[in-house]
Amino acid sequence: MNGQFDFLVVGDDEPSLAAAAAAAKAGARIALLSSAERKKRAAAASPAIANFVWRRLDLQDYDLTLEPVSARITLLKEGAPVATYASARETSDALAQSGSPDHLLWRDFLEEMTALAAPPPYAPAGYANSCPPNIKAFAALLSDPAKLERAARVFGTSSDLLGDYFADERLRAHLSAHALAPGGWGDKEAGSARALMEFADPDAWRVRASGRDVALRAVLEQVCQDAGVETTHKKPVEALVNGKFAHVAFDDDEKIKVRHLFFATPSAAQQWGVGSGSGNARGALGQGAHAEFTVRFKLSDGAEPPLGDPGAIFQIIDDKGDIQAARDAAIQGRLCDRLPVEFEFSGKGEVIARSAYFPAAFYEDGEWRGWTGQDRQAAASIIKERLSSRMPGFASLIRRAETELSAPPAGASPFAECGRVIVQPHRHNAISAAVRLIDQVMAGDD
């Protein structure tokens, strides 16, 4: 790999691969930085693939079989599970059957979330693209109470937005868990309301590649190869900006020039020490001071999913207060015993469990320190205990467990001095968001 590129896409998860392939198909020259040691990643269900991405990448030509998520189910400490479905009618009926007083409000809630998530009529032109707002447009915004109210809802807290709609505390806990937990948000954080809007988007419902068929990651790798993406496993050691380009040097003295370094997911950025607070990212990580920890449990025969639904995505929380408590613990540099945990049955006798509410670093005796092997064991133990609390006998079915940590590295980032870095915040529909973002950057470069 040599020469000049429009983007160096860093990461080999599905959103990174999709963004790289889409940009290459649009005529950009793309380099992809993949992990030198290919891990069997223990990621949760793959993000949804919107129709425009499916057509853009011609995925119908790659024998890809997709498996829709059947339900979102929350296993609370007490009472029956709470479930919602992609179908508004099915969700309303299920809430009515469970005795929830809010079943009549479900369609209204979805309609307002859809309206709020639409291209922002409440913001000045160019606001969403980080361009300086037009002063007259901004003044018009301030003079319109209706637009100001909508802006306040978008940039407000998830807790306040849900409180405006639902009286059912269990339903509010369910929606908070599924909307916020994948990104490590707290429900009292400003801006957390946007996660609810993305979660309500039908495209945000994740779609998985069936365990019996071609893996989505493998398909996207092939699409990248067919589109002319140049992949490297070399280790970058430095990236410095000179004019309109970043000059990236690798450990074998090879150098390339790129217009932008592109991180399609916060996890990819974290692994390279890039994110909020680093001062070098164009676009925000969304929130900082947390890490993602995932455990892939290999099970013996006989493991049954809750409610007998192997196609669902589950959340474990004791009550709604767990969300902000876990977020606060992560920021403070400590583990949370009442950890919100997401899990799913992936087929082949596996359960994949994850939580984004782990600290990026630990605060002990007045000092910060990085993760250790003992910390990994403690994290895996907490997740195992949380699953066992909802599925009696689960621990006895575990044959083997594989873990993966996504946290900032202890050493300096090779991209610390680079100012042409783009980081995609957490998105429920990560593939579509990554493709749209790289399209926006290409359009701006033109």
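A cavity is here a set of grid points where a 1.4 Å probe fits but cannot get out. The structure described is a predicted model.

**Cavity**

With a cut-off of 30 Å³ or more, the count is 1 cavity. The largest cavity holds about 30 Å³ of space. Its lining is made up of Ala181, Pro182, Gln315, Pro340, Val341, Glu342, Arg354, Ser355, Ala356 and Tyr357. Two elements, β14 (341-347) and β15 (350-358), each give two or more residues to this lining. The most comes from β15, which contributes 4 residues. Sorted by class, the lining of the largest cavity has 6 nonpolar, 2 polar and 2 charged residues.

**Open sheet**

Both β14 and β15 also belong to an open sheet of 7 strands, in which the order is β5-β4-β13-β14-β15-β12-β18 and the pairing is mixed. The edges are formed by β5 (82-84) and β18 (398-406); each has a single partner strand, so one side of each is left without a neighbour in the sheet. From one strand to the next, the twist averages 20°. At the β5 end of the order, β4 (residues 72-75) is the neighbour of β5, and these two strands pair in the antiparallel sense over 3 bridges. Within this pair, Arg72 stands opposite Thr84 in β5.

**Pairings of β10**

Strand β10 (residues 255-263) pairs with β1 (residues 3-10), with β9 (residues 245-250) and with β19 (residues 421-423). The table gives the sense of each pairing, the bridges and one residue pair.

| Strand pair | Sense | Bridges | Bridge partners |
|---|---|---|---|
| β1 and β10 | parallel | 6 bridges | Val9 and Phe262 |
| β9 and β10 | antiparallel | 4 bridges | His247 and Lys257 |
| β10 and β19 | parallel | 3 bridges | Phe263 and Val423 |

In the pairing with β1, Phe262 of β10 is the bridge partner of Val9. Phe263 of β10, in turn, has Val423 in β19 as its bridge partner. In a regular strand the side chains alternate between the two faces of the sheet.

Strands β9 and β10 form a hairpin with 4 residues between the strands. One residue of this hairpin, Asp253, takes a positive phi near 75°. Across the hairpin strands, His247 has Lys257 in β10 as its bridge partner.

Notes: Residues numbered from 1 in each chain as written. Predicted model: local features only at pLDDT ≥ 70, side-chain atom pairs only at ≥ 80, totals over all residues. Heavy atoms only, no water. 1 Å grid on protein atoms, 1.4 Å probe; cavity = no way out; pocket = protein on both sides within 12 Å on 5 of 7 lines; lining within 4 Å. Points joined across faces, edges and corners; volume = space filled by probe spheres on them. Nonpolar A, V, L, I, M, F, W, Y, C, P; charged D, E, K, R; others polar. Pairing = 2+ DSSP bridges. Axes fitted to C-alpha atoms, helices over the stretch in contact; angles between N-to-C directions.
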